[in-house]
Amino acid sequence: MSVCVRIAPSPTGLLHIGNVRTALFNWLFARHEGGEFRLRIENTDTSREVAAAVDQIQDSLRWLGLDWDGPVTFQLDRQGHCVDEARRLVEVGMAYEDEGAIRFRMPDEGSTGWDDVVLGRIDVPNEELEDVVILRSDGRPTYNFASPIEDALDGITHVIRGPDHISNTPKQLCILRALGVDLPVYAHVPNVNGDDGRKLSKRHGAVTVDEFRAEGYLAAALANHLALLGWSYDDRTTVMSREELVERFSLERVGASPATFDYAKLDWLNGVYLRALDREAYARELVGFLRERGLDWDESLVRETVPLVQEKIARLDEYPSFARFLFEEVEPDAVALNGAGAVLEEAERRLATAEPFDAGGVEASLRRLAEELGLSPRKAFAPIRLAVTGSTISPGLFESIELLGRERTLRRLAAAAARAGRPESSA
RNA sequence: GGCGCAUUCGUCUAGAGGCCUAGGACACCGCCCUCUCACGGCGGCGGCACGGGUUCGAAUCCCGUAUGCGCCUCCA
């Protein structure tokens, strides 16, 4: 039988990364099995906020590459069916009216259990199961009724969801049995927590897909990292492409204990992905990122900087501060420049005539300068870097100067020299 | 409070009774490379929550304790 899974977020806000991880597991499982992955929105009203959240959810899934099969379905659209089923259960005596609402009659004896793919066998004594409300007095079905019915309607074969649903499962199982439909397989995957062991929230850092995207993470890196939260392929494989994840994923290897989201590891992984990109792909990601940031820096120059920054930054959002000097004027800290006047003037004098004015030519010229002034390269280049890039941290100095061009370089060196003063006159 | 689930280095994890002197990765520390920052290389620190069993043998099985989380809504 072909596999069919679903992700069923409620449109109450932006897609939380924990739900995204669960969505990813569903998607990986479906793709691995050659089955279907569906998107169902558990909406209970049709307000404008809901419509916006629905778009948001779809954008997030699409950006991550989690494509779904078939149309997006809405819980609200199938209320009628749920109501019919509730009435039917009342007619056959498996449910009863209680002050206007309808409750499902849970069995009193025996137990209800299932073989959870992740947790193993779980059995719950039926006496602990309350007669749950399946239809509210206003006629709307409740979650514990609508959700399993829709799963049945959609032909869901595997319900892969968060652990907060474990105690709902026996109730849903009883309802499904009363309805006489096929039972799905359940897999309750563990939570993703913040570093304090609690639910991941804003104060831990980015929590929605949008936020990760805005911080310059690559979709493939995020997906890779998320996949490793609660699942692993073996004892040594960390970096896996989307294709490899699909090929290797299995529910059997999903662990039972909750994971803590490790931002530092994501940064490292993102760097790995960023460095692996070819120049064109990197440029595309970078240009797209800057555009979303609202930075209208010259695209062709941005593209030229790729070789200078690719190995240096782990997140795209590090780019602006790292390469700003190529697009905007700089203001080196005068105190840090103090006493470097001689070096700066000499650098200006030599670079005025250095040929060719490319990274190699500039490097040869500046190294000679350092040697002749009796300075270590480190010492000699520090003030030059500061004068030219405005920072003590920058891409390679010589490549940066080449890109900046002779004219702007000389101007910055002169301006810095004027503010720097001579070593003996430093105050 | 009741019920449920979980518990291996700081973090993600490997481990399905002997392969474990518990492996890998991130982080951290040190050294090397080096024009800064990164990258890369080498090395180091560091863990089976606790207590009882079972067994010739337990990180692995059982029981209990502790801790964390979840559910106990006419929320989803």
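Biologist: A polar contact is a pair of N or O atoms within 3.5 Å. With that in mind, what lies 2.4 Å from a polar side-chain atom of arginine 385?
Modeller: In this model, which is predicted, the partner is a base oxygen of RNA strand B, 2.4 Å from a polar atom in the side chain of arginine 385.

Biologist: And which part of RNA strand B does arginine 136 reach with a polar side-chain atom?
Modeller: Arginine 136 places a polar side-chain atom 2.4 Å from a phosphate oxygen of RNA strand B, and an N or O atom in the side chain of arginine 378 is 2.8 Å from a phosphate oxygen of the strand.

Biologist: Stepping back, how many residues surround RNA strand B, and which are the closest?
Modeller: There are 56 residues around the strand, and the closest are Arg136, Gly230, Lys312, Arg367 and Arg385. By class, the surface near RNA strand B is made up of 19 nonpolar, 17 polar and 20 charged residues.

Biologist: On the RNA side, what do the atoms within 4 Å of the protein belong to?
Modeller: Sugar or phosphate accounts for 71% of those atoms of RNA strand B, and the rest belong to bases.

Biologist: Which helices and strands supply at least two residues each to that surface?
Modeller: Strand β12 (259-260) does, and so do the helices α9 (263-276), α16 (377-389) and α17 (397-404).

Biologist: Let's stay with α17; which of its residues are buried?
Modeller: The buried ones are Leu397, Phe398, Ser400, Ile401, Leu403 and Leu404. Because 6 of its 8 residues are buried, α17 is largely enclosed by the rest of the structure.

Biologist: What do the buried residues of α17 pack against, though?
Modeller: They pack against α11, α14 (341-351), α15 (359-373), α16 and α18 (406-420). Glycine 405, which follows α17, has a positive phi near 95 degrees.

Biologist: Back to α9 for a moment; what does the side chain of aspartate 267 make a polar contact with?
Modeller: Aspartate 267, which has its place in helix α9, makes that contact with the side chain of tyrosine 217, at 2.5 Å. Leaving out residues up to four places away in sequence, aspartate 267 touches Tyr217, Ala314 and Arg315. Tyr217 also belongs to an aromatic cluster together with Phe212, Phe261 and Tyr263.

Biologist: Since we're on rings, how many aromatic pairs does a search of the whole structure find?
Modeller: The search finds 10 aromatic pairs. One of them is formed by tryptophan 114 and tyrosine 186, in an edge-to-face arrangement with 6.3 Å from centre to centre and 65 degrees between the planes. This pair links distant parts of the chain, with tryptophan 114 in strand β6 (residues 111-116) and tyrosine 186 in strand β10 (residues 185-188), 72 residues apart.

Biologist: Is tyrosine 186 buried or exposed?
Modeller: Tyrosine 186 is buried, at 3% relative accessible area, and tryptophan 114 likewise counts as buried at 5% relative accessibility.

Biologist: Then why is the pair of tryptophan 297 and phenylalanine 327 called stacked?
Modeller: Planes under 30 degrees apart count as stacked, and the rings of tryptophan 297 and phenylalanine 327 have planes at 5 degrees with centres 4.4 Å apart, so the pair qualifies. Tryptophan 297 sits in the loop between α10 (279-293) and α11 (299-309) and phenylalanine 327 in the loop between α12 (319-323) and α13 (334-337), so the pair ties together parts that are 30 residues apart in sequence. Tryptophan 297 is buried at 11% relative accessibility, as is phenylalanine 327 with a relative accessible area of 18%.

Biologist: Which ring does arginine 248 lie over?
Modeller: Arginine 248 lies over the face of tyrosine 233, at 4.5 Å from the ring centre, while arginine 21 lies over the face of phenylalanine 25, at 4.6 Å.

Biologist: Different topic, the backbone: where is the residue glutamate 99, and what is its phi near?
Modeller: Glutamate 99 is in the loop between β4 (95-98) and β5 (101-104), and its phi is near 55 degrees, a positive value in a residue other than glycine. Glutamate 99 is exposed, with 77% relative accessible area.

Biologist: Last one: what kind of peptide bond joins glutamate 355 and proline 356?
Modeller: That peptide bond is cis, with omega about -10 degrees, and proline 356 is found in the loop between α14 and α15.

How values were computed:
Residues are numbered from 1 along each chain as its sequence is written. Chains are lettered from A and ligands numbered from 1 in the order in which they are written. This is a predicted model: local features need pLDDT of at least 70, side-chain atom pairs count only at pLDDT 80 or more; totals for chains, interfaces and linings use all residues. Side-chain values use heavy atoms; hydrogens and water are left out. Rings of Phe, Tyr and Trp (its six-membered ring) pair if their centres lie within 6.5 Å; planes under 30 degrees apart count as stacked, over 60 as edge-to-face and the rest as tilted. Helices (H or I, at least four residues) and strands (E, at least two) are DSSP runs, numbered from the N terminus. Buried means under 20% relative accessible area, exposed over 50%, partly exposed in between (1.4 Å probe, protein chains only). A charge sits over a ring if NZ of Lys or CZ of Arg is within 6 Å of the ring centre and within 35 degrees of the ring normal. A residue is near a molecule or strand if one of its heavy atoms lies within 4 Å of it. A polar contact is a pair of N or O atoms within 3.5 Å; within protein, one must be able to donate a hydrogen and the other to accept it, and residues adjacent in sequence count only if both atoms are side-chain atoms. Ala, Val, Leu, Ile, Met, Phe, Trp, Tyr, Cys and Pro count as nonpolar, Asp, Glu, Lys and Arg as charged, and the others, Gly among them, as polar. Contact means heavy atoms within 4.5 Å.
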